[in-house]
Each structure stands twice: as structure tokens, then as C-alpha cells.
Amino acid sequence: SSSRYLAVGGTSNTVNVWDLKTKRVARRLGARTARRTATAQDATVNAVKFNKDDRVIACGSEEGEIVLHRGGERFDEEDENGSKKEYWEPLSAFDVNKKRANENDDESSMMSSSAVNCLDFSPHARMMLAAGTSGGNLNVYDCESESLETRFQSSDVKNNIIHSIAFSPTAPRIVAIANDDGSVSLRDVAMHPKTGVCLHIPNPNKRWMDSSSDNGTVFGTAGAASSVSWHPSGDGLAVGYRGNGV
């Protein structure tokens, strides 16, 4: 968020929205729909994200559900007793494991039990939301129409866990994806899933490890790509690797 609020997920199916000015929790948001609340135990909230104008908060859970709540400056509202209001009823919700009408059984089986690992709203389209999953799928949603626009595998490696995603600040619909095998993919989400790969960068740590092992020097393991972040100009992309720095 660009405002004074910070959203924090956890293991109790709740997102706490902190007011950085008062240093207190301004609101507690439910990260599960009523349907799941009645049938499941508390789940971990793996990802939270404000949209471009801070008016929507997306919460992604270990169960594979994405729940949207209103944001904005409404966190200061109080009930008749002077207590901060808690909001558990979401604006809308998505299930990343839900089969689309045009998907066959083989395609849907690849993501039958995926968790939501990361979320990012597009800086160009206010209500476009991307979600990276533990099954290696990237789902892109239009939150206004409450529809799934596209879904594709992040790489040619089956079930390649996605750890981090980031929309380009300058190129609309380009998403950088950090994969478990240490590779990074750039995808154009406007293109067909089978042709939308703009660039695929292999794990550089694996190459360094292989080349250095010949002379007895090993710099580290070929770790997963754990995070990605664009330079504001859009000309550079920083990639963090598990156990291998940036």
C-alpha cells in the first residue's frame, strides 16, 4: 500500500491491517469465504496485496483460495461501542484449483491441490490480479468481472513451484515469475498460454556451481528463485535466490 496501512497475513485465517500512524491494528479481515469457514480448519495466509489505488486487498491462502476485501480509508470506522469493525464478508473470491469450462481432466489434475504462494496487482489495470501457485500455475483474474482471464504453467517443468511474481512497471501485461528450479520467466499474459513466454532465464547458480566444481570451488547450491523485483524504469529485474544472494 502507498498509504499509512500495512496488511499482514498469518496462520489464523486472518489478515491484520496495521495503521502505521497509530501503530495499532486498524482492522481484521477474514481470509476465507463462509463456505470454507464452515468446513475447514484455520489456514495459513501466504500472500496479501493492495491494488493500485489501495481500494482492494487480495488475500491468498494455503487452501488455494483468493479473497478480496475493500480497502481505502474505511479502516478508521468504528461500531456503536467505539471498537474497530471487523470485516469477514469478502467482496468476491476465487479458487485457483477450480476447473475452467474449457479445460480437460489432465489439465485440471495438475493443479488439484495448489496453494496460493504469491499475488500481484497490475500497476496498469487497477483490477487485474495475478496469482502464483505451488503447482506452478500462474492465474490472471479480472476482479471487476470476477473472472479468470488466463491460466498457464510458468515453465516447461511440471509442478515448478512459483515463489514470487511481479508485473512490469512499464510494460503492460508482462509478468516476471520466480520458479522453484531457480529459473525466471517473463510472460505476456495477453498472449495464448502456449506462446506467451517472452524470455526464460535458467538458474545461473547451477551454471556457476557446475563450472566451479571442476577446480574444487563450490559457491553454493543451485537454489530456487525466491523473489523478483523490477527497477522502477522497467529496465532491470532483481532476482533473489535461496541460499545464493541476489
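These are my notebook entries on a few strands, one buried aspartate and one surface patch. I am working from a predicted model.

**Entry 1: β5, β6 and β7**

I began with strand β6, residues 65–70, and asked how many of its residues are buried. The count came to 5 of 6, so I put β6 down as mostly covered, taking buried as under 20% relative accessible area. Next I looked up its partners. Strand β5 (residues 56–61) runs antiparallel to β6, and 5 bridges join the two. For a register mark I noted that isoleucine 57 stands opposite histidine 69 of β6. The β5–β6 connection is a hairpin with 3 residues between the strands. I checked phi in that turn and found a positive value, about 95 degrees, at glycine 64.

β6 also pairs with strand β7 (residues 92–95), again in the antiparallel sense, over 4 bridges. Here my register mark is valine 67, whose bridge partner in β7 is alanine 93.

**Entry 2: the β10–β11 hairpin**

I moved on to strand β11, residues 147–153. Of its 7 residues, 5 are buried, so the rest of the structure largely encloses it. Its antiparallel pairing with strand β10 (residues 137–142) spans 6 bridges. I picked tyrosine 141 to fix the register, and its bridge partner in β11 is leucine 148. These strands form a hairpin too, with 4 residues between them. In the turn, glutamate 146 has a positive phi of about 55 degrees.

**Entry 3: aspartate 120**

Is aspartate 120 buried or exposed? I found it in strand β8, residues 116–121. Its relative accessibility is 9%, and because the cut-off for buried is under 20%, aspartate 120 counts as buried. I then asked what its side chain reaches. The answer is the backbone nitrogen of phenylalanine 167, at 2.7 Å. Leaving out residues up to four places away in sequence, I listed what aspartate 120 touches: Lys49, Met128, Leu129, Ala130, Ile165, Ala166 and Phe167. Phe167 therefore turns up both in that contact list and as the residue whose backbone nitrogen the side chain reaches.

**Entry 4: a nonpolar surface patch**

Last, I went to the surface. Leu6, Val8, Trp18 and Leu20 form a nonpolar patch there, with about 340 Å² of accessible area together. I looked up one member, tryptophan 18, which lies in strand β2 (residues 14–19). Its relative accessible area is 33%, so I logged tryptophan 18 as partly exposed. I also jotted down a reminder for reading the strands: in a regular strand, side chains alternate between the two faces of the sheet.

Methods. Residues numbered from 1 in each chain as written. Predicted model: local features only at pLDDT ≥ 70, side-chain atom pairs only at ≥ 80, totals over all residues. Heavy atoms only, no water. Patch = residues over 30% accessible without salt bridge, like charges linked within 9 Å, V, L, I, M, F, W, Y side chains within 5 Å. Areas by Shrake-Rupley, 256 points an atom, 1.4 Å probe, with all protein chains shown as cover. Salt bridge = Lys/Arg side-chain N within 4 Å of Asp/Glu carboxyl O. Buried < 20%, exposed > 50% of the residue type's maximum accessible area, 1.4 Å probe, protein only. Pairing = 2+ DSSP bridges. Polar contact = N/O pair within 3.5 Å; in protein donor to acceptor, adjacent residues only side chain to side chain. Contact = heavy atoms within 4.5 Å.
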